[in-house]
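Morning, everyone. Please have the sequence and the model open while I talk.

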Amino acid sequence: MKIFSAFGLDIKILIAQLINFGILLFILWKFAYKPMFKILDDRKKKIETGIENAVKAEEKLKEMGEEEKRVIIEAKREAAKFLEQAQKDAEESRKKSIEKTKEEIGQMINKEKEDMRMEKAEVLKSINREVADLVVATVEKVLVEKMDGKKDEELIKKAIKEVEKK
């Protein structure tokens, strides 16, 4: 006790201050620190949960990104297959069209050739008939008239002129 007195401390006041400090500490602990620690703990838990969720979301995002890439690659592969099939179909259709057109053109050419051959045959028949008619007419004239050298020559020239007129 002397030691406290040596420092100028009164033990009763010191004890009263310790009790006051204890009461204050209790009140602060009960009404200020405890709720504040609870709020801080809750906040800490929320932050930890948020960090965990962010990590999970990032992992999920990576998975979705990989899935998206896989889907895109698969879609590109499918599109390439469809495009290749469409090109094959178009090429096959083009070839069929060309073959059909060639066949139609061949048929048209053959028909025209046949028509020209028939026209030619008819023209030749017509010419033969006319030549035959001319020969018959000439022979009839020759046989009707008596022939001498001069008349024969006149008759030939006349027949030639008639042929040229026609």
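I will go from overall shape to surface patches, then to salt bridges.

First, a caution: this is a predicted model.

Now the fold. There are three helices and zero strands. Along the sequence the pattern reads α-α-α. Helix H2 covers residues 11-144.

How does the radius of gyration of the protein sit against that of a compact globule of 166 residues? The globule would be near 15 Å. The protein has 64 Å. Look at the C-alpha trace along its principal axes: it spans about 195 × 25 × 25 Å.

Here is a distance to go with that. Take Leu-28 and Gly-65, 37 residues apart along the chain. Their C-alpha atoms are separated by 52 Å. Gly-65 is in helix H2. At 26% relative accessibility, Gly-65 is above the 20% limit for buried, so it counts as partly exposed.

What share of the 166 residues counts as buried? Just 1%. The protein exposes about 15800 Å², with carbon and sulfur atoms supplying 63% of that area.

On to the patches. One is nonpolar, about 860 Å². Its members include Phe-21, Trp-29, Tyr-33, Met-36 and Leu-40. Leu-28, from the distance I just gave, is also one of them. Leu-40 sits in helix H2.

Another patch carries negative charge. Glu-58, Glu-59, Glu-63 and Glu-66 gather there on the surface. Glu-63 belongs to helix H2.

Charge overall: 38 positive and 35 negative. The mean positions of the two sets are 9 Å apart.

Now pairing. Side chains of opposite charge can pair when their charged atoms come close. The structure holds eight salt bridges. I will show three from helix H2.

Glu-91 and Arg-94 come first. Their closest N and O atoms are 2.6 Å apart. Why are these two about one helical turn apart? Because they are three residues apart in helix H2. Glu-91 is partly exposed at 33%, and Arg-94 is partly exposed at 43%.

Next, Lys-111 with Asp-115, at 3.6 Å from N to O. These two are four residues apart in helix H2, so again about one helical turn separates them. Is Lys-111 buried or exposed? Exposed, with a relative accessible area of 53%. Asp-115, at 28%, counts as partly exposed.

Last, Arg-117 and Glu-114. The closest N and O atoms of this salt bridge are 2.4 Å apart. Both residues lie in helix H2, three residues apart, about one turn. Glu-114 is partly exposed at 34%.

That is my tour. Thanks.

Notes
Residues numbered from 1 in each chain as written. Predicted model: local features only at pLDDT ≥ 70, side-chain atom pairs only at ≥ 80, totals over all residues. Heavy atoms only, no water. Rg over C-alpha atoms; globule rule 2.2 N^0.38 Å. Buried < 20%, exposed > 50% of the residue type's maximum accessible area, 1.4 Å probe, protein only. Areas by Shrake-Rupley, 256 points an atom, 1.4 Å probe, with all protein chains shown as cover. Lys, Arg positive; Asp, Glu negative; His and termini not counted. Charge placed at Lys NZ, Arg CZ, Asp CG, Glu CD. Patch = residues over 30% accessible without salt bridge, like charges linked within 9 Å, V, L, I, M, F, W, Y side chains within 5 Å. Salt bridge = Lys/Arg side-chain N within 4 Å of Asp/Glu carboxyl O.
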